[in-house]
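Visitor: I'd like to go over the pockets in this model. Can you walk me through them?

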Amino acid sequence: MIVLNKVTKRYDNGTLGLDGVSLTVGEGEFVAIVGPSGAGKSTLLRSINRLNDITSGDILIDGTSITKARRREVRAMRCSIGMIFQQFNLVGNATVQKNVISGRLGRYSTLQTLLGLFPRADYELVDQALATVGLSDKLQERSDRLSGGQQQRVAIARTRVQEARILLADEPVASLDPVTSQTILDDLRGINRDAGTTVLLSIHSVDFAKQYASRIIGMRAGRIVFDGAPQELTDDM
Ligand code: ADP
Ligand code: ADP
């Protein structure tokens, strides 16, 4: 469960990113955050795994405050929080296999990580994850040779092997065409259904949000202005 308690984020230049946001997201929910550019969607998602620090309030992940956690603790908490970005954030000159298996990195010692020593079973998880996104034949391909949609599916495979309890996706389909977007959203729905992973994504298209999410959060100027079922969302949102 994710709990935000009166969270405010003011950037160094004075811009208010979040303005007193309170929110509870339960286990296994599929939540879409919609709202105009600058509404605070990205700030909200990045605050949850502490990619940015908040100014006041508190954020709890399964009862533990990530706001108050120390660096080592934050790192441990991030092992159970997957993140997907608009720009995929893969290591471009590394193979698909290397990118996907990096989802397991947080589990091992620094030395193991440096040496790239992963258990055999981890490679099997990689194979399975790539099969679910239809990229088994790309295992040894350089990631930057793939199309945008394929790269995003690699990122999704990476969060599958991470076995995260929570998946945060910041505009995961913003740079993709509608057909490819649908395959990515199908993959996210698959993770939500197969593993019961809580999915929280920001998305520009209200139509896609309605089609995929079981709950929609509307944001404007750093505040939540709508929180309800897709069918309750009116056109003037
Ligand atoms: P995008 O989300 O379009 O990929 P960025 O990740 O660079 O863009 O930034 C996210 C948001 O933060 C954007 O709305 C951008 O305008 C804003 N932003 C980034 N840096 C600053 C800054 N120094 N001052 C004001 N706004 C910023
Ligand atoms: P959204 O994801 O809904 O487009 P953001 O969370 O990126 O909104 O931005 C919320 C507000 O915070 C905007 O006014 C944006 O310009 C500002 N902002 C975002 N990142 C930064 C930053 N790094 N520095 C200053 N202002 C920022």
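Guide: Here is a short tour of the pockets. This is a predicted model, where local features need pLDDT of at least 70, side-chain atom pairs count only at pLDDT 80 or more, and totals for chains, interfaces and linings use all residues. Residues are numbered from 1 along each chain as its sequence is written.

Visitor: What volume does the largest pocket have?

Guide: About 660 Å³. A pocket here is an open set of points on a 1 Å grid over the protein atoms alone, where a 1.4 Å probe fits, with protein on both sides within 12 Å along at least five of seven lines. Volume is the space filled by probe spheres set on the points, which are joined across faces, edges and corners.

Visitor: Which residues are closest to its centre?

Guide: R75, R78, C79, G106 and Q162, out of 24 that line the largest pocket. Lining residues have an atom within 4 Å of a point.

Visitor: Which elements give two or more residues to that lining?

Guide: α2 (71-78), β6 (81-84), α4 (110-115) and α6 (148-162). The largest share, 4 residues, is from α2. Helices (H or I, at least four residues) and strands (E, at least two) are DSSP runs, numbered from the N terminus.

Visitor: Switching over, what about the second largest pocket?

Guide: It holds about 230 Å³ of space. Its lining has 13 residues, with K98, I101, S102, G116 and F118 nearest the centre. Two or more residues each come from α3 (96-101) and α4. α3 gives the most, 4 residues.

Notes: Chains are lettered from A and ligands numbered from 1 in the order in which they are written. Side-chain values use heavy atoms; hydrogens and water are left out.
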